[in-house]
Amino acid sequence: MSIVDFSLEGKVALVTGGSKGIGRAIALAFAEHGADVAISARGVQALEATRKELEATGRRCVAVPTDVYSDAALKKLHETVCSELGDVDILVNNVGGAEPCGLAHLTYEHFERIMKTNTWAAIYLAQLCHPAMKAKGSGVVINISSNGGLKPDPYVGAYSASKAALNIVSGQMAQEWAQDGIRSVCICPGLVRTEMAAPLVEHFEKKGFPQNMLRMCAEPEHIAGMALLLASPAGAYCHGETYVVDGGEMWRATYTDEEADAVISEIEEPA
Ligand SMILES: NC(=O)c1ccc[n+]([C@@H]2O[C@H](COP(=O)([O-])OP(=O)(O)OC[C@H]3O[C@@H](n4cnc5c(N)ncnc54)[C@H](OP(=O)(O)O)[C@@H]3O)[C@@H](O)[C@H]2O)c1
């Protein structure tokens, strides 16, 4: 046995939006490390394709068509997963919608739609999982947020607000449910190469990803690695915190390399 334990043997995980992108990578990583995995999404075709990939790992898997905008659908999702696989040990609230819009034109309907999809659905699904986790005295809730919830991006409508709210909800959940043996954590990715972010990836690829220190776009697997750490015994002391996975974007200096070089050469060669 290795000193660090990433095993999810005997665990049941539910990953919303598990058919594509980051959710798919997390679901596959969890199955490869021994979990039985449930995935949900709206589109049946991609769900079925990912379900087959999950089954190829040898783990049990269920794919449940669900729109997280509907509380009734979330309740049905939870019931289906519990009856097919057992109580949920690890919940990954991964679905997140983004609809570009400047604040000057934001409507309440848009705001409500995004807040419900990105923030409320995560709270409600966690509420559904809470009683069984509490009864077992263990459980993990991982919320997939965004570094856009830590620094506002322009023209993303209600997206940044909904992700900022999700960050705080993760901390609040950690405060309230630690006594029940439940850990709650939050992951804030930067730009990741997925369907949702395809136009942005294409735009910044041409420029060499100047917004982050590594000058690269994340692949979904980079976020799945963090999720595996947080879900497994290796992450048993990670709690209530927001983990940024963005190639150094949050800490990237706002001046250009050329400006930095100019300053450094002035320091090195004083007049
Ligand atoms: N990609 C990035 O650069 C990036 C950066 C920061 C944070 N994130 C966050 O990461 C999470 C995953 O994004 P992604 O980039 O992996 O997106 P993606 O590749 O487009 O995948 C999104 C997944 O969620 C499902 N989904 C979308 N809306 C849904 C709804 N209303 N109900 C149920 N399922 C729904 C999609 O399937 P269907 O469409 O078939 O329902 C799909 O399975 C989101 O919370 C996003 O905000 C992404």
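# Why it's called that: strands, helices and loops

Me: Let's start in the middle of the sheet. Which residue stands opposite Ala38 in β3?

Reply: That's Val62, in β3. Keep in mind that this is a predicted model.

Me: What makes β2 and β3 a pair of strands?

Reply: Count the bridges. Pairing takes at least two bridges, and 5 bridges join β2 to strand β3 (residues 61-65), so the two pair. They run parallel. To get from β2 to β3 the chain passes through helix α2 (residues 44-55), and this β-α-β crossover is right-handed.

Me: How do you know that β2 is mostly covered?

Reply: By its count of buried residues. A residue is buried once 20 or more other C-beta atoms lie within 10 Å of its own, and 6 of the 6 residues of strand β2 (residues 36-41) are buried. Asp36, Ala38 and Ser40 point one way, while Val37, Ile39 and Ala41 point the other way; the residues on both sides are buried.

Me: What pairs with β2 through Val15?

Reply: That's where β1 comes in. Val15 has Ile39 of β2 as its bridge partner, and 5 bridges join β1 to β2, which run parallel. The route from β1 to β2 goes through α1, again as a β-α-β crossover that is right-handed.

Me: What else does β1 bridge to, and which way do the strands run?

Reply: Strand β1 (residues 12-16) is joined to β4 by 3 bridges, and they run parallel. One such spot is Ala13, whose bridge partner in β4 is Ile90.

Me: Which way do the residues of β4 point?

Reply: In strand β4 (residues 90-93), Ile90 and Val92 go one way and Leu91 and Asn93 the other way, and all are buried. With β5, β4 makes 4 bridges, again parallel. Asn93 is bridged to Asn143 of β5. Between β4 and β5 the chain crosses through α4, and this β-α-β crossover is right-handed.

Me: How do you know that the length of α8 agrees with the expected span?

Reply: Set one number against the other. Helix α8 (residues 257-268) has 12 residues, which should span 16 Å at 1.5 Å a residue, and its end C-alpha atoms are 16 Å apart, so the two agree.

Me: How does α5 do on that test?

Reply: Helix α5 (residues 159-177) has 19 residues and reaches 26 Å between its first and last C-alpha, close to the expected 27 Å.

Me: Why is α6 said to lie largely in the open?

Reply: None of its residues makes the burial cut. Of the 10 residues of helix α6 (residues 198-207), the number buried is 0, so it lies largely in the open. α8 is hardly covered, with a buried count of 0 among its 12 residues. In α5, on the other hand, the buried residues include Tyr159, Leu166, Val169, Met173 and Trp177. Their cover includes α4 (108-136), β5 (139-144), β6 (182-189) and β7 (242-245).

Me: Why does Tyr155 count as exposed?

Reply: The cut-off for exposed is 12 or fewer C-beta neighbours. Tyr155 has 10 inside 10 Å, so it counts as exposed. You'll find Tyr155 in the loop between β5 and α5.

Me: What makes the phi of Tyr155 worth a look?

Reply: Most residues other than glycine have a negative phi. Tyr155 isn't a glycine, yet its phi is positive, near 60 degrees. Phe209 also has a positive phi, near 45 degrees. Gly208, which follows α6, has a positive phi near 80 degrees.

Me: Why is Phe209 called partly exposed?

Reply: Burial takes 20 or more neighbours and exposure 12 or fewer. Phe209 has 19 C-beta neighbours inside 10 Å, so it counts as partly exposed. Its place is in the loop between α6 and α7 (220-231).

Me: And why does Arg252 count as partly exposed?

Reply: With 16 C-beta neighbours inside 10 Å, Arg252 falls between the two cut-offs, so partly exposed it is. Arg252 sits in the loop between β7 and α8. Leaving aside neighbours within four places in sequence, Arg252 is in contact with Gln211, Asn212 and Met213.

Me: Last one: which residues are closest to the ligand?

Reply: Gly17, Gly21, Arg42, Gly43 and Gly96, out of 28 that surround the ligand. The shell divides into 12 nonpolar, 12 polar and 4 charged residues. Helix α1 (residues 21-32) gives the most to the shell, with 3 residues.

Conventions: Residues are numbered from 1 along each chain as its sequence is written. This is a predicted model: local features need pLDDT of at least 70, side-chain atom pairs count only at pLDDT 80 or more; totals for chains, interfaces and linings use all residues. The expected span of a helix is 1.5 Å times one less than its number of residues. Two residues are in contact if their C-beta atoms, placed from the backbone, lie within 7 Å. A residue is near a molecule or strand if its C-beta atom, placed from the backbone, lies within 6 Å of it. Ala, Val, Leu, Ile, Met, Phe, Trp, Tyr, Cys and Pro count as nonpolar, Asp, Glu, Lys and Arg as charged, and the others, Gly among them, as polar. A crossover is right-handed if, with the strands pointing away from the viewer, the path from the first strand over the helix to the second runs clockwise.
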